[in-house]
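Reader: I'd like a close look at one part of this structure: wherever there's a pocket, and whatever sits around it. Keep it informal, but give me the numbers.

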Amino acid sequence: MNNYTASHLKPQISKQRILSFGICILLSLSWILCFGICHSLYAEEGKEEPIVLNADKIEYATDGKELIATGNAEVIYKGSRLTSQKLTLNTKTKEGKAEGNARLDDKSAIIEGDKIIYNFDTNVGTIINAKFRANPYFGKSKRIDKVSAS
């Protein structure tokens, strides 16, 4: 029978392990601080937000600066989200053309249609065979022209 007490069973933590843990904490804090400063600088300089494009398949035509997305296509930019089965986006003019279950979600409304042509910089566009919801309003039309951001 062993005559050990619980005090003999305490795990021993080496100085090297404590030093490694401290270094990990310092590096993590440094990274978080650096990220925060870089993010603040990016926001202060007024740089443009990136356009986010997701789809099952994306092609890029360099001559026209166009992206062609097919299958569950989605563009997100400045609070607006345009989705469809096929989407063409001009990266220079920031104009998107969505066809097939097209839907535009922005700050003020949800608009669905067969085809949506929308400029993400100016927040204006045209929707063909449209249905819209802008609380408390809703409706449908063969064509809707969105003429301003609000």
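Author: I'll start with the pocket, follow a strand from its lining into the core, and finish with some backbone and outlying spots.

First, a caveat: this is a predicted model. The overall layout is quick to sketch. The protein has one helix and eight strands, and along the sequence the helix leads, giving α-β-β-β-β-β-β-β-β.

Now the pocket. The largest one holds about 210 Å³ of space. Its lining is made up of 12 residues, and the ones nearest the centre are Ala 109, Ile 111, Phe 132, Ala 134 and Lys 146. Sorted by class, the lining is six nonpolar, three polar and three charged residues. Which strands supply at least two residues of that lining? Strand E7, residues 124-134, and strand E8, residues 137-146, each do. The largest share comes from E8, with three residues. Phe 132 and Ala 134, two of the residues nearest the centre, fall within the span of E7, while Lys 146, also in that group, falls within the span of E8.

Between those two strands there's a backbone detail you'll want to check. The loop between E7 and E8 contains Pro 136, and the peptide bond leading into Pro 136 from Asn 135 is cis, with omega near 10°. Asn 135 comes right after the end of E7 at residue 134, so to speak at the doorstep of the loop.

Let's walk back along E7. Gly 125 sits in this strand. Is Gly 125 buried or exposed? Gly 125 is buried, because its relative accessible area of 12% is under the 20% cut-off. Setting aside residues up to four places away, Gly 125 touches Ile 117, Tyr 118, Ile 144, Asp 145 and Lys 146. That list ties the strand back to the pocket, since Lys 146 is one of the residues nearest the pocket's centre. The C-alpha atoms of Gly 125 and Ile 144 are 8.3 Å apart, with their positions 19 residues apart in sequence numbering.

Ile 127 is in E7 too. It counts as buried because its relative accessibility is 1%, against a limit of 20%. Beyond its neighbours within four places, Ile 127 is in contact with Ile 111, Glu 112, Gly 113, Lys 115 and Ile 116, and also with Lys 142, Arg 143 and Ile 144. Ile 111 is another residue from the group nearest the pocket's centre. For a distance to check, the C-alpha of Ile 127 is 7.5 Å from that of Asp 114, and the two are 13 residues apart in sequence.

Ile 116 takes us from there into the nonpolar core. The largest core has 21 residues, and those with the most contacts inside it are Leu 82, Leu 87, Ile 116 and Phe 120. Two or more residues each come from strands E3 (66-77), E4 (80-90), E5 (95-105), E6 (110-119) and E7. E3 gives the most, with five residues. Counting only residues over four places away, Ile 116 touches Leu 82, Gly 96, Lys 97, Ala 98, Ala 102, Arg 103, Leu 104, Ile 111, Thr 126 and Ile 127. Leu 82 in that list is another of the residues with the most contacts inside the core.

E3 and the loop after it have some odd backbone angles. Asn 72, in E3, has a positive phi of about 50° without being a glycine. Lys 78, in the loop between E3 and E4, also has a positive phi of about 50° and isn't a glycine either. At 34% relative accessibility, Lys 78 is partly exposed.

Earlier in the chain, Glu 59 lies in strand E2, residues 57-61. Glu 59 is partly exposed at 40% relative accessibility, and its contacts beyond four places are Glu 66, Leu 67 and Ile 68, residues that fall within E3. The C-alpha of Thr 88 is 9.5 Å from that of Glu 59, although 29 residues separate them along the chain.

For the whole protein, 25% of the 150 residues are buried. Among contacts between residues at least 6 apart in sequence, 25% join residues at least 24 apart. The accessible surface comes to about 11100 Å², and 58% of that belongs to carbon and sulfur atoms.

Methods:
Residues numbered from 1 in each chain as written. Predicted model: local features only at pLDDT ≥ 70, side-chain atom pairs only at ≥ 80, totals over all residues. Heavy atoms only, no water. 1 Å grid on protein atoms, 1.4 Å probe; cavity = no way out; pocket = protein on both sides within 12 Å on 5 of 7 lines; lining within 4 Å. Points joined across faces, edges and corners; volume = space filled by probe spheres on them. Helix = DSSP H or I, 4+ residues; strand = E, 2+ residues; numbered from the N terminus. Nonpolar A, V, L, I, M, F, W, Y, C, P; charged D, E, K, R; others polar. Core = buried A, V, L, I, M, F, W, Y, C linked by side-chain atoms within 4.5 Å. Buried < 20%, exposed > 50% of the residue type's maximum accessible area, 1.4 Å probe, protein only. Contact = heavy atoms within 4.5 Å. Areas by Shrake-Rupley, 256 points an atom, 1.4 Å probe, with all protein chains shown as cover.
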